[in-house]
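Biologist: Please give me a close look at a single part of this structure, in one connected account. I work at the bench, and I would like each cut-off spelled out once.

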Amino acid sequence: MDENSLAFNRVFSCNRVFLCFFYSFVGLKKITVVVMCLAMGTIITIAGQRGRNGRSVTAVNLSASLALLEKKTLLVDCDPQACSTRMAGVDLSLMTCDLSSVLVGKVSLQEAVLKTQLRFMDVIPSSLSLFHAATRLSRNVGNERILRIFLRELRDEYDYIIIDPPASYSFLTVMAMAAADWLVLPFHCTPEAIGDLRLLLQMVNHVKDNFQQHLKIAGVFFTQCCSRGEIDHFLEEKDLKGVEKIVYNSFVPQDNAVEIAAQRGKPVALHDIESPGAEAYLDVANELISFFN
Ligand SMILES: Nc1ncnc2c1ncn2[C@@H]1O[C@H](COP(=O)(O)OP(=O)(O)OP(=O)(O)O)[C@@H](O)[C@H]1O
Ligand SMILES: [Mg+2]
């Protein structure tokens with residue numbers, strides 16, 4: 001894990017305001033550049049190699065929690081299975097196009113945006129058509145950058161853009177990572193998670209070398225586990241000293257409310273705001289916001 005660049009970026013983000021003042025002595029042109037950087041939304045992909053790892057549930061509930069904390073958030077569903085589209089609480093009857101229509105140039109990104117029940121949360125939905133669009137796009141080397149290019153259109157309008165990718169290695173996963181500045185990793189207390197992490201880090205290096213050299217990890221948080229003690233024991237037992245430093249204090253427990261909310265097509269906070277899952281995702285969102293402040 002690239003701890004040096006992580007530490008550098010923490011320091012850098014703390015000092016952005018200071019830098020703004022500094023540049024005001026240097027020249028107006030540079031101020032404009034810094035202010036533009038400050039206004040741009042942070043793009044985060046919820047990464048993970050294994051299927052059924054909680055990526056979509058996290059993408060939806062983290063987006064909803066950020067929105068409840070009044071951070072304007074766009075959830076981008078980058079998986080043809082469209083799980084996060086179904087879980088985000090959007091009125092699917094209003095869906096006339098999706099991410100695939102944007103990627104093949106039929107509509108603008110703005111036209112694909114759907115409102116949710118939360119004032120600060122919007123969604124770019126997905127459908128099976130994304131699979132066909134990806135098959136076509138993957139024929140040309142370099143097309144993996146396409147989502148990052150399209151997101152420029154809306155980046156200034158949001159505080160956070162959260163991308164939900166499919167599992168394993170595919171054109172869409174690389175595209176989702178290449179579009180992001182940061183990755184957040186949901187992690188499980190299982191032996192398989194270690195192997196998955198290794199594969200994921202290889203993939204991150206591939207994306208950094210070929211498409212997005214600034215890609216960094218904004219945090220790892222445990223999900224579907226029982227207690228902080230279980231997490232600490234796991235980290236110690238598996239000797240994950242490097243990872244420990246970027247593990248969030250908050251973790252998401254196994255919670256029926258999360259499962260039921262997902263089945264009913266809404267974020268858990270809109271199903272039961274007092275459930276352990278809803279509270280945990282709000283805590284994770286708060287830690288994420290603190291990381292970037
Ligand atoms: N904290 C939780 N408590 C209970 N169930 C959960 C929790 N988090 C995730 N789940 C359940 O785990 C299953 C997998 O979650 P999810 O669809 O988010 O995984 P995924 O990594 O996106 O899977 P895929 O590989 O299909 O994209 C779902 O049935 C979901 O409801
Ligand atoms: Mg998913």
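Modeller: Two strands are said to pair if DSSP finds at least two bridges between them. The strands themselves (E, at least two residues) and the helices (H or I, at least four residues) are DSSP runs, numbered from the N terminus. This is a predicted model, in which local features need pLDDT of at least 70 and side-chain atom pairs count only at pLDDT 80 or more, while totals for chains, interfaces and linings use all residues. Residues are numbered from 1 along each chain as its sequence is written, and chains are lettered from A and ligands numbered from 1 in the order in which they are written.

The part I have chosen is the sheet. The protein has 16 helices and eight strands, and an open sheet of eight strands runs in the order 3-4-2-5-1-6-7-8 with mixed pairing. Strand 3 (114-115) and strand 8 are the edge strands, each pairing on one side only. In general, strands of a sheet pair through backbone hydrogen bonds, either parallel or antiparallel.

I begin with strand 5 (residues 160-164). On one side, strand 1 (residues 42-46) runs parallel to strand 5 and is joined to it by four bridges; Thr-45 has Ile-163 of strand 5 as its bridge partner. Strand 2 (residues 73-77) also pairs with strand 5 in the parallel sense, over five bridges, and here Asp-77 stands opposite Asp-164.

A residue counts as buried if 20 or more other C-beta atoms lie within 10 Å of its own, as exposed if 12 or fewer do, and as partly exposed in between, with C-beta atoms placed from the backbone. Five of the five residues of strand 5 are buried, so strand 5 is largely enclosed by the rest of the structure. Its two faces are both covered: Tyr-160, Ile-162 and Asp-164 are buried on one side, and Ile-161 and Ile-163 on the other. Over the protein, buried residues make up 42% of the 293.

Going from strand 2 towards one edge, strand 4 (residues 121-124) pairs with strand 2 in the parallel sense over four bridges. Val-76 has Ile-124 as its bridge partner in strand 4. Val-113 is found in the loop between helix 7 (109-112) and strand 3. By contact I mean two residues whose C-beta atoms, placed from the backbone, lie within 7 Å. Val-113 touches Asp-122 and Ile-124, leaving aside residues up to four places away in sequence. Its C-alpha is 8.5 Å from that of Leu-74, though the two are 39 residues apart in sequence. With 16 other C-beta atoms within 10 Å, Val-113 is partly exposed.

Towards the other edge, three bridges join strand 1 to strand 6, which run parallel, and Ile-46 has Val-184 as its partner in strand 6. Strand 6 (182-187) then pairs with strand 7 in the parallel sense over six bridges, where Leu-183 stands opposite Ile-217. Six of the six residues of strand 6 are buried, so strand 6, too, is largely enclosed by the rest of the structure. Trp-182, Val-184 and Pro-186 are buried on one side, and Leu-183, Leu-185 and Phe-187 on the other. Lys-216 lies in strand 7; it is partly exposed, with 19 other C-beta atoms within 10 Å. The C-alpha atoms of Lys-216 and Asp-181 are separated by 6.4 Å, at 35 residues apart along the chain.

Several strand residues also belong to the core. A nonpolar core is a set of buried Ala, Val, Leu, Ile, Met, Phe, Trp, Tyr and Cys residues joined through C-beta atoms within 7 Å. The largest one has 81 residues, and those with the most contacts inside it are Ile-44, Ile-163, Met-177, Ala-180 and Leu-183. Helix 4 gives the largest share of this core, eight residues. Met-177 touches Thr-45, Ala-47, Leu-183, Val-204, Val-207, Gln-212 and Leu-215, again not counting residues up to four places away in sequence.

Helix 16 (residues 276-292) also packs here: its buried residues lie against strand 6, strand 7 and strand 8 (252-253), and against helix 4, helix 14 and helix 15 (268-271). Among those buried residues are Tyr-281, Leu-282, Val-284 and Leu-288.

Methods
Expected span 1.5 Å × (residues − 1).
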